[in-house]
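Good morning, and thank you for making time for this short presentation. Please look at the sequence and the structure as they appear, and keep both in view while I speak.

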Amino acid sequence: MNENRTTLVDTATSSQADRYAVFGHPIGHSKSPRIHKLFAEQTGQNLVYTAQEVPADTFKAAADAFFAAGGKGLNCTVPLKELAWNYANSLSEAAAAAKAVNTLALAADGSILGDNTDGIGLLNDLIANLRIELPGAAILILGAGGACRGILAPLLKQKPASLVIANRTPARAQAIADDFKPLFPVEACGYGALPGQSFNLIINATAASLSDELPPLPAGLLAANGTCYDLAYANRPTAFVRWGLANGAAKSVDGLGMLVEQAAEAFYIWRGRRPATAPVIGLLDAERQSADRNPDA
Ligand code: NAP
């Protein structure tokens, strides 16, 4: 009897639930469905959030079909953020500056708003969770891809003393520095120009961590009491997190906190509710440590 009643309630609930999804390729590893389920439970919101494998060449058709079927919002991850930027009918200031969109939202008039919550997600993790001082800091970003673009404007608004972008392909770093010149004198260089410089905060925005590699970083690059932040995240400390620990970082962390914080901003855009992020970060962190200790469990 009870089982039947539960089934009926669940069916009614999911048929009325607003639908959201994350599109990407590959997407199998995504923690976003779990994060949004936890947010929905915490805030009492009736929604369904799924992950969908969407290669770049099918993005427009998949997004059209999702919204035509009544979907309310999408997250877009690698390699779709630029396509999502083109897809949106209007852009937030953050998305316009980043030239990349990670959150699409259906507006009341049926149009699609594009936003980028990566930058505010990183800031919330750095400032609110990790208590890092950004005003007056010397900041180095490694890498000049979409993630670097997404985090740059919010970081610059914090008024650092300096901001350098170093990239394997220096011309890509220079192109971003040129775009942001009206906002701040961002410097661009290759890794060969780093010896002799030192920074309070080094952010790894390269994809090198995904293959457990590191860009070539000289000793002495991190100032005393400095912070290392890897945008990538994994069950074990990434190569960059390990480099930070070996080079005297006061804090050397990966991007799990940013992942949860950028999701919370997307949730707020869609639902107008701000979930508490600390319990979700704590839970996911505990789960990954347990998965690392018991890989076959
Ligand atoms: P992307 O656009 O593909 O850019 C990749 C960057 O990494 C480029 O600058 C590339 O240099 C550099 N790179 C790749 N392999 C390298 C290697 N072996 N050595 C040195 N540099 C290398 O990627 P993205 O979208 O910016 O993402 C970058 C990272 O941020 C990824 O790990 C992603 O998972 C992470 N991320 C995390 C969050 C979060 O919520 N935690 C959010 C967004 C992104 P070239 O220009 O020379 O090719």
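I begin with one pair of charged residues: Asp254 forms a salt bridge with Arg288, and the closest N and O atoms of the two are 2.7 Å apart. Asp254 sits in the loop between strand E12 (251–253) and helix H10 (256–271), while Arg288 belongs to helix H11 (residues 278–293), so the salt bridge ties together parts that are 34 residues apart in sequence. Are Asp254 and Arg288 buried or exposed? Asp254 is buried, and Arg288 is buried as well. I should say at once that this is a predicted model, and everything that follows should be heard with that in mind.

How many salt bridges does a search of the whole structure find? The search finds 13. I shall discuss two others from that set.

The next one joins the side chains of Asp179 and Lys99, with an N to O distance of 3.3 Å. Asp179 lies in helix H8 (residues 170–180), and Lys99 lies in the loop between helix H5 (93–98) and strand E5 (103–106), so this pair ties together parts that are 80 residues apart in sequence. Asp179 counts as partly exposed, because its relative accessibility is 37%. Lys99 also counts as partly exposed, at 37% relative accessibility. Please note one further residue here: Lys99, Arg149 and Asp179 are linked in a network of salt bridges.

The last of these pairs lies within a single helix. The side chains of Glu41 and Lys37 meet in a salt bridge of 3.1 Å, N to O. Both Glu41 and Lys37 are in helix H2 (residues 32–43), and they are four residues apart, which is about one turn of the helix. Glu41 has a relative accessible area of 52% and is therefore exposed. Lys37, at 52% relative accessibility, counts as exposed too.

Let us stay with helix H2 and turn to how helices pack. H2 and H11 pack at an angle of about 140°, and their axes are 11 Å apart. The two helices H2 and H11 are therefore oblique to each other. Their crossing, that of H2 and H11, is right-handed. Which residues of H2 and H11 meet? From H2 come Arg34, Ile35, Leu38, Phe39 and Gln42, and from H11 come Pro279, Val280, Leu283, Leu284 and Glu287. By class, the residues in the contact of H2 with H11 are seven nonpolar, one polar and two charged.

A second helix pair can be described in the same terms. Helix H6 (residues 118–129) packs with helix H7 (residues 146–157) at an angle of about 55°, the axes being 7 Å apart. That angle makes H6 oblique to H7. The crossing of H6 and H7 is right-handed. On the H6 side, Asp118, Gly119, Ile120, Leu122, Leu123 and Leu126 take part, and they meet Gly150, Ile151, Pro154 and Leu155 of H7. The contact of H6 with H7 divides by class into seven nonpolar, two polar and one charged residues.

I now move from side chains and helices to the backbone. Where do we find cis peptide bonds? One joins His25 and Pro26, with omega at about 5°. Pro26 is placed in the loop between strand E1 (18–24) and H2. Another cis peptide bond joins Val78 and Pro79, and its omega is about 0°. Pro79 lies in the loop between strand E3 (73–76) and helix H4 (81–87).

Finally, I would draw your attention to the backbone angle phi. For Arg131, phi is near 60°, a positive value in a residue other than glycine. Arg131 lies in the loop between H6, the helix we have just discussed, and strand E7 (138–142). With a relative accessible area of 66%, Arg131 is exposed. For Asn225, phi is near 65°, again a positive value in a residue other than glycine. Where is Asn225 placed? Asn225 is in strand E11 (residues 222–230). Asn225 is exposed, with a relative accessible area of 65%.

To close, let me return to the opening pair: Asp254 and Arg288 are both buried, whereas Glu41 is exposed and Lys37 is exposed. Thank you for your attention.

Terms used. Residues numbered from 1 in each chain as written. Predicted model: local features only at pLDDT ≥ 70, side-chain atom pairs only at ≥ 80, totals over all residues. Heavy atoms only, no water. Axes fitted to C-alpha atoms, helices over the stretch in contact; angles between N-to-C directions. Parallel < 35°, antiparallel > 145°, perpendicular 65-115°, else oblique. Left-handed = near helix turned anticlockwise from the far one by under 90°. Contact = heavy atoms within 4.5 Å. Nonpolar A, V, L, I, M, F, W, Y, C, P; charged D, E, K, R; others polar. Salt bridge = Lys/Arg side-chain N within 4 Å of Asp/Glu carboxyl O. Buried < 20%, exposed > 50% of the residue type's maximum accessible area, 1.4 Å probe, protein only.
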